[in-house]
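Reader: I am new to this structure and would like to be led through it with care. Could you begin by showing it to me?

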Amino acid sequence: MFGLEALDLARIQFAFTISFHILFPAITIGLASYLAVLEGLWLKTHNDIYRDLYHFWSKIFAVNFGMGVVSGLVMAYQFGTNWSRFSDFAGSVTGPLLTYEVLTAFFLEAGFLGVMLFGWNKVGRGLHFFATVMVAIGTLISTFWILASNSWMQTPQGFEIVNGQVIPTDWLAVIFNPSFPYRLMHMATAAFVATAFFVGASAAWHLLRGKDNPAIRKMLSMAMWMALIVAPIQAVIGDFHGLNTLKHQPAKIAAIEGHWENHGNEATPLILFGWPDMKEERTKFAVEIPYLGSLILTHSLDKQVPALKEFPPEDRPNSTIVFWSFRIMVGLGMLMIFTGLWSLWLRKRDKLYTSRPFLYLALWMGPSGLIAILAGWFTTEVGRQPWVVYGLMRTADASSNHSFMQMSITLILFVVVYFALFGAGLGYMMRLVRKGPKIDEGKETNDGGPGQKRTPARPLSAADDDHSDADRTVTKEI
């Protein structure tokens with residue numbers, strides 16, 4: 001069917017499920033730190049705007065966290081069901097790393113999440129702030145271990161192969177493999193940027209509809225400060241990450257650039273746009289800038305970048321995909337930097353909250369961070385092909401022995417269930433965003449005891465406050 005095999009469907013299924021999953025942890029990482037900042041500012045300044053924003057975004061965090069946990073469980077099972085040969089080969093590395101993530105990050109988050117979501121009027125202010133900080137730290141520790149595992153698959157070291165299985169010999173080398181620091185910083189920063197634009201778009205939406213109050217303005221102001229500062233930092237991190245990738249995965253860089261061959265000693269041009277053709281081994285309709293490829297990728301005007309034809313055809317990533325996924329990521333990154341600079345220009349002229357063209361741009365840029373994350377992950381994972389563990393195990397040798405029919409049925413089921421379940425969850429989260437922050441959300445309330453409102457017992461209950469019956473039904477279904 002469509003020329004696909006069981007292996008292709010297994011890859012599509014994993015790409016589909018991880019694409020859904022990555023959106024939730026990205027927002028969870030950013031919102032957790034944002035909530036810690038909001039509560040810290042409230043404790044320091046006693047400005048109730050920060051408290052109101054904390055309670056507003058904690059509800060959205062709760063929904064997002066719940067969907068992230070559910071979607072993440074599926075990923076772990078897929079290693080055993082669809083990629084059992086990979087698990088048998090490299091499970092002694094990836095298994096412990098994922099276990100460390102559960103033992104440190106997930107337990108830390110779970111231990112303090114209840115206090116953070118439901119303990120506002122039940123514990124002291126210092127303890128509640130400590131719980132919020134611990135949840136934020138937990139999300140970053142989780143990122144640490146997940147990226148350590150994935151980065152090892154990109155640049156494996158600290159092991160030996162015995163009887164066809166990877167045996168760790170140096171755990172520090174395994175964890176702190178050559179690409180890990182760059183990929184960790186790149187992903188964590190991407191989560192902060194994505195959250196900033198999500199928050200900024202929420203504020204812009206309310207301002208465009210005439211809901212102008214100090215809380216909404218503070219949301220937009222904080223989001224744009226984050227965009228102004230962090231988006232350029234992300235570009236610098238991306239440059240270092242690119243240099244590291246050129247050193248350890250030159251075929252990936254060649255595919256990203258759509259660069260097929262070098263000519264004599266000529267510097268490598270930068271192909272802005274074009275269509276890499278894997279069969280014809282050339283990039284059609286290429287729009288090039290001379291020397292710029294060498295300047296960006298090697299920081300010189302005479303060094304050449306490795307070309308795809310220098311690698312056997314069976315070792316080349318799909319340049320058509322990564323060429324465009326990379327440009328989507330970079331293009332959105334440039335728009336983020338522009339948005340931050342424009343916000344600074346408007347801020348100096350006291351028009352940040354009233355310029356409708358800018359507010360529309362901020363609104364449209366709301367999903368830009370998440371789209372850029374997806375594009376970056378597609379670039380990273382497709383660019384690693386045909387290897388599942390770079391240079392050690394090919395993807396074709398890693399999959400389980402499932403039939404085409406089995407993979408087709410499970411893929412269809414995943415698509416149906418994911419769109420129904422997470423579509424409802426995302427719709428509910430957007431309803432919360434549209435309601436906006438309420439004034440005096442943090443005042444003393446009596447949430448327990450005889451005849452009083454029950455004490456919530458699950459994370460999503462934190463968002464179940466003053467909403468319609470339909471909203472409550474959606475929450476229970478999730």
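**Confidence and packing**

Reader: Over residues 444–457, under what value does pLDDT stay?

Author: This is a predicted model, in which local features need pLDDT of at least 70 and side-chain atom pairs count only at pLDDT 80 or more, while totals for chains, interfaces and linings use all residues. Residues are numbered from 1 along each chain as its sequence is written, and side-chain values use heavy atoms, with hydrogens and water left out. For residues 444–457 the model has 15 contacts (heavy atoms within 4.5 Å) beyond four places in sequence, yet pLDDT, the predictor's confidence in each residue from 0 to 100, stays there under 50.

Reader: Which helix gives the most to the largest nonpolar core?

Author: A nonpolar core is a set of buried (under 20% relative accessible area, 1.4 Å probe, protein chains only) Ala, Val, Leu, Ile, Met, Phe, Trp, Tyr and Cys residues joined through side-chain atoms within 4.5 Å. The largest has 93 residues, and Tyr34, Trp57, Ile60, Phe61 and Met219 are those with the most contacts inside it. With 18 residues, the helix that gives the most to this core is α1 (residues 6–45), helices being DSSP runs of H or I with at least four residues, numbered from the N terminus.

Reader: At roughly what angle do the axes of helix α4 and helix α6 cross?

Author: Axes are lines fitted to C-alpha atoms, for helices over the stretch in contact, and angles run from 0 to 180 degrees between N-to-C directions. The axes of α4 (residues 125–154) and α6 (residues 180–208) come within 9 Å and cross at roughly 135 degrees.

How values were computed. Buried means under 20% relative accessible area, exposed over 50%, partly exposed in between (1.4 Å probe, protein chains only). Helices (H or I, at least four residues) and strands (E, at least two) are DSSP runs, numbered from the N terminus.
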